[in-house]
Amino acid sequence: YESVLQGSMGSWVTSFVMFSSMVTYCLGQTGFLRRCAVWFITRPIAKKNQWLFLGLFFLAPLVIGSFMSPVPTFIVFVPIAEQIFKELGYQPEERFPQMIMLSLLCFSSLSTITTPIAHTVPILGMSLYQEDTGTAIDFVKYTVFGIISAAVIFILIMLMLKYIFKPDTSKLRNLDTEVLLKDAEPMSREEKYTLAVFAGVVFLWMIPGIISPVLPGVSAFISGLGTPTPAIIGVILLCMMRVNGKPLMEFGKAMKEGVPWGAVIMVAGTMVLGSALTNEEAGITDAVVSAISPLIGNLSPMIFVLIVSLWTVIQTNFASNTVTVTLVYSVALPLVYSGAIGGVDPAALTCIIGAGAAIAMATPPSTAQAAIAVGTGWLKTDIMFKYGMIMSVIAAVVLAFVGYPIAAWLM
């Protein structure tokens with residue numbers, strides 16, 4: 001029991017998810033997220049062309065979600081989208097609002113691959129790799145891989161929306177984006193202080209990978225603090241700092257409302273299952289390698305990576321993303337470690353699996369934000385499945401042929 005508890009709820013991953021979620025929850029409560037969202041679509045360039053407006057509107061959740069959970073990221077944009085629909089007189093059955101809601105869902109989910117910050121799925125993959133090899137995947141290197149991959153996927157999906165989905169965007173010419181600014185207020189002290197603390201937490205996560213070539217001792221010291229520690233420091237500071245006699249964070253409220261306890265329990269459970277699946281005494285890994293090796297022995301490394309990427313992305317649209325990470329990792333990585341598949345970088349493949357398992361927008365049960373999207377009434381399940389699956393496949397191919405080479409080079 002003790003070893004199971006240590007490898008699940010006592011793992012650094014669950015602590016990371018808990019405390020990083022509390023910090024990002026506190027930032028979300030300040031109104032900063034909506035301010036960022038409105039900023040994107042009220043830029044002067046957005047008024048020049050309907051597709052420039054849509055590009056900035058869809059870029060916003062991708063950027064904001066890079067340091068937030070995809071669920072609050074998506075929720076921030078739903079009322080903004082509905083306000084736009086109301087201003088332009090759209091009805092739920094029309095093609096344009098369907099595209100808007102699906103795209104917001106897509107890019108909110110896609111944002112999860114950009115960084116490990118507050119993103120459970122990539123972190124779970126990274127933790128499985130660290131447990132097997134004793135080596136951590138650097139946050140900065142993963143972020144470079146994630147951002148470039150997400151940028152390429154973003155461009156390709158925008159082209160798909162314009163030339164395959166082909167919505168009628170003519171009503172956008174009548175949209176007055178200034179109406180979104182009517183309730184805007186200057187940044188409060190609470191917002192500024194919370195943003196400063198959050199920036200400090202992100203700095204501590206990223207700086208070791210940046211300064212390691214020139215200040216290896218300092219980098220090793222900060223890394224030695226442990227991945228959850230910057231978030232724990234952030235929580236302590238937010239609880240201690242007060243504005244008008246009130247703390248920036250109420251610990252009990254943040255624990256209750258800010259921590260995705262379902263995700264925490266799921267991650268803890270799947271980590272134990274993953275350890276059991278790969279336990280040498282169980283023999284499951286050896287059996288899988290023996291069974292699959294003859295079938296894949298002649299595959300080139302890139303074809304193998306593509307198969308793993310497609311498998312991950314398609315499965316996560318129908319199953320839990322944490323279970324997907326654990327299952328795909330437990331099958332694919334032993335093939336690499338054993339030499340059954342040569343020429344594949346295990347760290348880069350782990351990045352592909354962790355990122356791919358976060359890309360889910362084709363079915364309502366795939367993620368919480370997908371269920372919310374259908375629940376708004378602005379997205380039909382047939383449109384969601386057809387175009388969401390196309391988006392998912394595009395993402396899988398980009399991860400394999402763009403993301404993997406970048407990750408392999410960096411790792």
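A residue counts as buried when its relative accessible area is under 20%, as exposed when over 50%, and as partly exposed in between, using a 1.4 Å probe and protein chains only. By that yardstick, 52% of the 411 residues of this chain are buried.

Before we go on, a word on where the values come from. This is a predicted model, in which local features need pLDDT of at least 70 and side-chain atom pairs count only at pLDDT 80 or more, while totals for chains, interfaces and linings use all residues. Residues are numbered from 1 along each chain as its sequence is written, and side-chain values use heavy atoms, with hydrogens and water left out.

## The whole chain

What is the chain built from? It has 19 helices and two strands. Here helices (H or I, at least four residues) and strands (E, at least two) are DSSP runs, numbered from the N terminus. The radius of gyration is 22 Å, close to the 22 Å that the globule rule gives for 411 residues, so the chain is as compact as a globular protein of that length. That radius is taken over C-alpha atoms, and the rule is 2.2 Å times the number of residues to the power 0.38. Measuring along the principal axes is another way to look at it: the C-alpha atoms fill a box of roughly 65 × 55 × 40 Å.

Next, contacts, meaning heavy atoms within 4.5 Å. Take those between residues at least 6 apart in sequence: 80% of them join residues at least 24 apart.

As for the outside, the accessible surface comes to about 17500 Å², and 65% of it belongs to carbon and sulfur atoms. Such areas come from the Shrake-Rupley method with a 1.4 Å probe; for residues, only the protein chains shown count as cover. The chain carries 21 positive and 22 negative side chains, and the centres of the two sets lie 14 Å apart. Lys and Arg count as positive and Asp and Glu as negative, while His and the chain ends are not counted. Each charge is placed at NZ of Lys, CZ of Arg, CG of Asp or CD of Glu.

## A helix to follow: α5

Now zoom in on α5, which covers residues 70–88. Its 19 residues should span 27 Å at 1.5 Å a residue, and the end C-alpha atoms are 27 Å apart, which agrees. The expected span is 1.5 Å times one less than the number of residues. Among the buried residues of α5 are Phe74, Phe77, Ile80, Ile84 and Phe85. Which helices do the buried residues of α5 pack against? They pack against α3 (32–41), α4 (50–64), α6 (95–110) and α18 (368–375). Just after α5 comes Gly89, with a positive phi of about 75 degrees.

## Two residues with positive phi

Most residues other than glycine have a negative phi. Lys166 is not a glycine, yet its phi is positive, at about 50 degrees. Lys166 sits in the loop between α8 (139–165) and α9 (189–211). Asn244 also has a positive phi, near 55 degrees, and is found in the loop between β1 (242–243) and β2 (246–247).

## Buried or exposed?

Here are some residues with their relative accessible areas.

| Residue | Relative accessible area | Class |
|---|---|---|
| Val325 | 0% | buried |
| Ser20 | 2% | buried |
| Ala46 | 6% | buried |
| Ile45 | 42% | partly exposed |
| Lys166 | 57% | exposed |
| Asn244 | 67% | exposed |
| Tyr1 | 76% | exposed |

Val325 lies in helix α16 (residues 321–337). Leaving out residues up to four places away in sequence, Val325 touches Val121, Leu124, Gly125, Leu128, Ile353, Gly354 and Ala357. Ser20, in helix α2 (residues 12–29), touches Ala118, Trp205 and Ala231, with the residues up to four places away again not counted.

Ile45 and Ala46 are both found in the loop between α3 and α4. Beyond neighbours within four places in sequence, Ile45 is in contact with Leu52 and Leu56, and Ala46 with Ile41, Leu52, Phe53 and Leu56. Ala46 and Thr177 are 131 residues apart in sequence and 9.2 Å apart in space, C-alpha to C-alpha.

Tyr1 belongs to the segment before α1 (2–7). Between Tyr1 and Pro230 there are 29 Å in space, C-alpha to C-alpha, and they are 229 residues apart in sequence.
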